[in-house]
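The following paragraphs lead the reader through one protein model, from its overall architecture to two individual loop positions. Please keep the sequence and the coordinates in view while reading.

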Amino acid sequence: MIIADLNQIAGRTYPARRRTQNIVGGASPIQAQNFAVGNVTLEPRGGQVPWHNQEQEEVYFVVEGTGEMCLGSEKKILTAGQAAYIPSGVFHQLTNIGETPLRMIYIYGPAGD
């Protein structure tokens with residue numbers, strides 16, 4: 001059995017004030033061919049997953065905190081317990097607008113970079 005333990009995954013910190021920990025794929029011990037999963041922590045008041053797009057379909061699931069999700073020309077507030085679907089090829093970003101860290105799980109497939 002292969003286990004990925006967030007407590008043991010240092011992850012990577014980016015200038016946009018976010019830390020990404022790969023759970024499936026990337027530097028994780030779990031490698032799947034059809035999907036990737038990760039934990040992202042955005043620092044309070046502005047930590048961000050910057051504008052980007054990718055070929056894969058993706059879902060952001062907010063575990064804790066409050067963020068502004070931009071998807072194409074749409075903007076919505078996401079809070080803990082909510083998930084946003086991101087279609088293939090659509091530019092998107094997530095910004096922490098709260099006073100506490102925002103933690104979210106991303107899932108995309110098929111697996112890739």
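From the N terminus on, the elements of the protein run β-β-β-β-β-β-β-β-β-β, and the secondary structure comes to 0 helices and 10 strands. Helices (H or I, at least four residues) and strands (E, at least two) are DSSP runs numbered from the N terminus. The radius of gyration is 13 Å, close to the 13 Å that the globule rule gives for 113 residues, so the protein is as compact as a globular protein of that length; the radius is taken over C-alpha atoms, and the rule is 2.2 Å times the number of residues to the power 0.38.

The model is a predicted one, in which local features need pLDDT of at least 70 and side-chain atom pairs count only at pLDDT 80 or more, while totals for chains, interfaces and linings use all residues. Residues are numbered from 1 along each chain as its sequence is written, and side-chain values use heavy atoms, with hydrogens and water left out.

Along its principal axes, the C-alpha trace spans about 40 × 30 × 25 Å. Of the 113 residues, 37% count as buried, where buried means under 20% relative accessible area, exposed over 50%, and partly exposed in between (1.4 Å probe, protein chains only). Among contacts (heavy atoms within 4.5 Å) between residues at least 6 apart in sequence, 64% join residues at least 24 apart.

The strands can now be followed into their sheets. Strands of a sheet pair through backbone hydrogen bonds, either parallel or antiparallel; here two strands pair if DSSP finds at least two bridges between them. One open sheet has 6 strands in the order β1-β2-β3-β10-β5-β8, with antiparallel pairing. Its edges are β1 (12–14) and β8, each of which has a single partner strand, so one side of each is left without a neighbour in the sheet. Neighbouring strands of this sheet are turned by 25° against each other on average, direction ignored; the axes are lines fitted to C-alpha atoms, for helices over the stretch in contact, and angles run from 0 to 180 degrees between N-to-C directions. Within this sheet, 7 bridges join β3 (residues 36–42) to the antiparallel β10 (residues 102–109), and L42 stands opposite L102 in β10.

The other open sheet to consider consists of 4 strands in the order β4-β9-β6-β7, again with antiparallel pairing. Here β4 (48–52) and β7 (74–79) stand at the edges; each has a single partner strand, so one side of each lacks a neighbour in the sheet. The average turn between neighbouring strands of this sheet is 20°, direction ignored. Antiparallel β4 and β9 are joined by 3 bridges, and H92 in β9 is the bridge partner of H52.

H52 also leads to V90, a residue in the loop between β8 (83–86) and β9 (92–96). Not counting residues up to four places away in sequence, V90 touches H52, N53, L71 and G72. V90 is partly exposed, with a relative accessible area of 26%.

Why does Q54 count as buried? The reason is that its relative accessibility is 18%, which falls under the 20% limit. Q54 lies in the loop between β4 and β5 (57–64). Beyond residues up to four places away in sequence, Q54 touches S88, G89 and Y108. The side chains of Q54 and E58 are joined by a polar contact of 3.2 Å, that is, a pair of N or O atoms within 3.5 Å; within protein, one must be able to donate a hydrogen and the other to accept it, and residues adjacent in sequence count only if both atoms are side-chain atoms.
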